[in-house]
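Q: I'd like to go through one part of this protein slowly, with you as my guide. Here is what I have in front of me.

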Amino acid sequence: MKREKHDLVIVGAGPAGISAGIYAARYKVDFEIIGQTPGGNMSESYDIENYPGLEDVTPGHDLADRMLNQLRRFGASPKSDDIQSIIKTKEGFTLLGRNAEYQAKSVLLALGMARNKLGVPGENELEGKGVAYCATCDGFFYREKIVAVVGGGDSAVTAALYLADIAKKVYLIVRKPELRAEPAWQDKLKKDKRIEILFETNVKEIHGVDKVESILLEGKKNELKLDGVFIEIGQTPQTILYKSLGLKTTDKDLVIVDVAQKTSVKGVWAAGDITTNSNGLRQIVTAASEGAVAAVDIFTEFKKSN
């Protein structure tokens, strides 16, 4: 297996990881960014309206490309690999990927979140056959078809709006009696006649043989005949890497960090959606800012030790 050695390894290539990479490059830190999805979940976002500097509504993949291009101008680019484990050593840390082994003096975890599943019968069996978790990735398969989006937050509402431009009919299935999405998104939703909202409704089962054919509901309607179901019910931290390091976390598995993004383990920083900082506002702008703060603090620590 190939072996690499760096002062810093950034795990995650979303806005936190990219921003950290840009600052690390400017401060001449020897680093590597490792991530399976360049741009992270940002690249799957529908339209972004609240990131500073964007004069027009911008698709997530476009903003991701701009950030990645900026990183490349500083001579860095995310390496596609999947880190399986991180082991603390006398010299620092060993990160074991599928393609290589990485030695690092310091680690910045910018892992982002994993999409939640409904956990109902038929979901796993029909994943990729009508059950999907990314409207911007898979929406084009459902042109002039009937689909449902499950969820009531920003990601669900923006997914429904995106699909309404493609599908014949979109059901938005909301477990609670009201939406949690930003008011601006709710205003757009109410104006779109192709979207029907079903409040206080739960999905009990997803039916189909070789593809999704219907969903069984608990609520105002018993069953909906449709072609696809998009699950947008939030995200949870990917804990497997940092729990093995013994990082202190909250009861919701968020990594506890200080104002400089340091974790409870010396030599490990964390940034983005997995942390307790930014008052819980999990946005691209806060992820980017946390990545920048972490990178500068890492550079400061290197200066102290040299």
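Please start from a single residue and work outwards: does G151 count as buried or exposed?

A: Happy to take you through that, with the reminder that this is a predicted model. G151 counts as buried, because its relative accessibility is 7%, and the cut-off for buried is under 20%. The residue is found in the loop between β10 and α4. Leaving aside its neighbours within four places in sequence, G151 is in contact with A156, L172, I173, V174, E232 and I233. You can also look across to F199: its C-alpha atom is separated from that of G151 by 10.0 Å, with the two residues 48 residues apart along the chain.

Let's take the strand side of that loop. β10 belongs to an open sheet of five strands, whose order is β9-β16-β10-β11-β12 and whose pairing is parallel. The edges of this sheet are β9 (131–132) and β12 (195–198); each has a single partner strand, so one side of each is left without a neighbour in the sheet.

Within the sheet, β10 (residues 146–150) runs parallel to β16, and four bridges join the two. If you want one pair to find on your screen, V150 has I231 of β16 as its bridge partner. β16 (residues 228–231) also pairs with β9 in the parallel sense, over two bridges. There, V131 has V229 of β16 as its bridge partner. Both V229 and I231 lie on one side of β16, with G228 and F230 on the other, and all four are buried, which leaves both faces of the strand covered.

Now for the helix side of the loop. Helix α4 (residues 154–164) is mostly covered, with eight of its 11 residues buried. The buried ones are A156, V157, T158, A159, A160, L161, L163 and A164. A156 is worth a second look, since it is also among the contacts of G151. As background, an α-helix has 3.6 residues a turn, so residues three or four places apart point the same way. As for what covers this helix, the buried residues of α4 pack against α3 (135–138), β10, β11 (169–173), α5 (183–191), β12 and β16. Strands β10, β11, β12 and β16 in that list are members of the five-stranded sheet.

From here we can move along the chain to another sheet. Three strands make up this open sheet, in the order β13-β14-β15, and the pairing is antiparallel. β13 (202–207) and β15 (223–225) take the edge positions, each having a single partner strand, so one side of each is left without a neighbour in the sheet. On average, and with direction ignored, neighbouring strands of this sheet are turned by 25° against each other. Strand β14 (residues 214–218) pairs with β15 in the antiparallel sense over three bridges. One pair to find there is I215 with its bridge partner in β15, L224.

For another buried residue to set beside G151, try S106. S106 is found in strand β7 (residues 100–109) and counts as buried at 5% relative accessibility. Apart from neighbours within four places in sequence, S106 is in contact with D7, L8, V9, F93, G267, W269 and F302.

Finally, here is a loop with some backbone angles to check. Most residues other than glycine have a negative phi. S278, however, has a positive phi near 60°, and N279 has a positive phi of about 55° although it is not a glycine. S278 lies in the loop between β18 (268–270) and α7 (284–305), and N279 is found in that loop too. In terms of exposure, S278 counts as partly exposed at 25% relative accessibility, while N279 is exposed, with a relative accessible area of 79%.

So, to return to your starting point: G151 is buried at 7% relative accessibility, in the loop between β10 and α4. On one side of that loop, β10 is joined to β16 by four bridges; on the other, α4 has eight of its 11 residues buried.

Methods
Residues numbered from 1 in each chain as written. Predicted model: local features only at pLDDT ≥ 70, side-chain atom pairs only at ≥ 80, totals over all residues. Heavy atoms only, no water. Pairing = 2+ DSSP bridges. Buried < 20%, exposed > 50% of the residue type's maximum accessible area, 1.4 Å probe, protein only. Axes fitted to C-alpha atoms, helices over the stretch in contact; angles between N-to-C directions. Contact = heavy atoms within 4.5 Å.
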